[in-house]
Amino acid sequence: MIQFILGSAVALPLYHIFNRYIARQTNKRHINEDLNYVRSGDNNVNFLSDIISRLWSNLRVAVSARIRKTIEPILEEMGLPLKLVKVDLGVTPLRFENIVVRELQKSSDEAGYFKMNMDMVWNSTCDIQLKGDHLIPKFGIANITFSGRMQFIFNPLSDVIPCIGGIQYGFVDPPKIHLDFTGIATIANSHLITDKIGGAVNSALEKMMVLPNRMLYKMDPTCDYLKMHLPPLGIARITARNGWGFQVEKRTFKDDVPDVYLKISLGHRTCQTKVIKNNLSPMWDESMDFLLSSHDQKVTIEAWDEDANFFEEDDFLGSTVLTVGDFLLSSGSGYAKIPLQIENKDCGNHVALNCQLCPLSSKLKSYQMPPSDHDKNHLGGLVTIIVVRAINLPVPKEEAASCVKITYGRTKLATGVVAYVPEYDGLAGYDPLNPDYDATFQIPLNYEHMQLDRTSRIKLELVNGKKVIGTLELSHADLMAAPNTTISETRAIGEGALLQFDAAITGFESNAPQNGPN
């Protein structure tokens, strides 16, 4: 959806607005060691919402077609043979609020780039109708409520119009989505269907455009995708020290002293501490690692009381949500004392945690000393695979519908499909026989990956339709022996086709946090 918006009229106005902010310096600046940005009020982004409002009658048609092509294959993979017989997104356009424009940064090639974050909000009456087989009658979605914070990266910058090589965009955290279904009550086990549809929507978004995944719009079709790539900030290592303030639950036969554990989530990953039995002041001293792409990503911390009864759910003891940037500032060199809340009210329970940013490094100490069985929440490093393009696909142009599939252990990934579209024939930058995939995949090396034999290989398959054109494999030894532990090549992959890719393995550097409060 944003691809259409940015392609029409948004990117350059945003760039000029950014220059105006910096030149006039009229906005309040908040500068510190970790975060450096310029804030602006909602009025400054009304122009963007106005543009979308005026384009909405066209956008809703284009976006509806994209939704149909994206969601139906995912539903089929999930075992729901549903067809979207109608997709009408309604007359209410989405809007943008709360813009944050960050300072101009220098990239490795000195070209420069900048980032911008904003909230996307949408609440629309719509008419989406789905039809299954004879067991699933037609039903629909009457309303969509959607909100999430997006990050835009304008990179690389140049002195030649359009001044921006490309724009990468994605949600900082998984967005909140609510679908109101109609005509579903008469279907047996309807909750299973609605859950799967909601899961398909979330899965599609997370795979495409929730950090570290981003989508791309090339302002300059000739821009090299490798110059657009920005690596993650590093690994956020969060250490849970201890908790206090927990209370005994009064019961008829025997009072219950809580068995407390923490769940900590960042991005797609959730880790859990060990359970401390019968303790009002639990001490965990456990750390866990998360791939970090933005200081604005949110950390969710939840405390739970484990229930020994199999038939009862664990008891919720409070939670809090804060950004990684705020967490880093509050942690400093020690531990942050964090109050927990239940229904937005302090509940008296507290936890002490530390957040440390561990930068990525071509030194593979963390990879060569993999996590032990006792610290499965640790990461050993990061594998990054960038698939740029294929060359000379051995198929008729009209039959081109190719992608690249990646397999590493049980991790399976794939680029988007680049297919022949008659309407696009002849457009600059579009060639289905020499397709640009421009896709980045970041695989944090968790405990499971680290247990793989070091001779295990990363497999890349070039696929057209259901036919595998060819395969190439990379070993860990190849990556570790390469300069800067990076292979950047164009290799033959089969039947005369070539594949341009970049693959790297990195470790990270860390220092243990200081002792925290008791």
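**View 1. Lys 467 and Glu 495 pair up in a salt bridge.** In this predicted model, the closest nitrogen and oxygen of the two side chains sit 3.4 Å apart. Lys 467 belongs to strand S25 (residues 467-475), while Glu 495 is in the loop between strand S26 (486-494) and strand S27 (497-508), so the contact ties together parts 28 residues apart in sequence. Neither end is hidden away: Lys 467 is partly exposed at 42% relative accessible area, and Glu 495 is partly exposed at 46%.

**View 2. Lys 86 and Asp 127 link two strands through a salt bridge.** Here the N to O distance is 2.8 Å. Lys 86 comes from strand S3 (residues 83-88) and Asp 127 from strand S5 (residues 114-131), so the pair joins parts that are 41 residues apart in sequence. Both residues are partly exposed, with relative accessible areas of 34% for Lys 86 and 25% for Asp 127.

**View 3. Arg 95 and Glu 97 make another salt bridge.** Their closest N and O atoms are 2.7 Å apart. Arg 95 is partly exposed, at 38% relative accessibility, and Glu 97 is partly exposed too, at 25%. If you want the overall tally, the count comes to 15 salt bridges. As a general point, side chains of opposite charge can pair when their charged atoms come close.

**View 4. The largest nonpolar core brings together 41 residues.** Those touching the most other members are Ile 128, Leu 130, Ile 144, Phe 152, Phe 154 and Phe 171. Two or more residues each come from helix H2 (46-77), S3, strand S4 (95-102), S5, strand S6 (139-154), strand S7 (166-171) and helix H3 (190-209). Strand S5 gives the largest share, eight residues. In soluble globular proteins, nonpolar side chains tend to be buried together.

**View 5. Another core, of 33 residues, lies apart from the largest one.** Look for Val 383, Ile 406, Phe 441 and Phe 501, which are among its members.

**View 6. Gly 507 meets a residue from far along the chain.** This glycine is found in strand S27 and is buried, with a relative accessible area of 0%. Its partner in this view is Leu 364: the two are 143 residues apart in sequence, but their C-alpha atoms are 4.6 Å apart in space.

**View 7. The second largest pocket has a volume of about 740 Å³.** Its lining is made up of 30 residues, and the ones nearest the centre are Arg 149, Asp 173, Pro 174, Asp 296 and Lys 298. By type, the lining splits into nine nonpolar, eleven polar and ten charged residues.

**View 8. Cys 355 is in no disulfide.** The nearest cysteine sulfur belongs to Cys 358 and is 8.7 Å away; a disulfide needs the sulfurs within 2.5 Å, so a pair at that distance doesn't qualify. Cys 355 is buried, at 4% relative accessibility. Cys 271 is buried as well, with a relative accessible area of 2%. Searching the whole structure turns up zero disulfides.

Methods. Residues numbered from 1 in each chain as written. Predicted model: local features only at pLDDT ≥ 70, side-chain atom pairs only at ≥ 80, totals over all residues. Heavy atoms only, no water. Salt bridge = Lys/Arg side-chain N within 4 Å of Asp/Glu carboxyl O. Helix = DSSP H or I, 4+ residues; strand = E, 2+ residues; numbered from the N terminus. Buried < 20%, exposed > 50% of the residue type's maximum accessible area, 1.4 Å probe, protein only. Core = buried A, V, L, I, M, F, W, Y, C linked by side-chain atoms within 4.5 Å. 1 Å grid on protein atoms, 1.4 Å probe; cavity = no way out; pocket = protein on both sides within 12 Å on 5 of 7 lines; lining within 4 Å. Points joined across faces, edges and corners; volume = space filled by probe spheres on them. Nonpolar A, V, L, I, M, F, W, Y, C, P; charged D, E, K, R; others polar.
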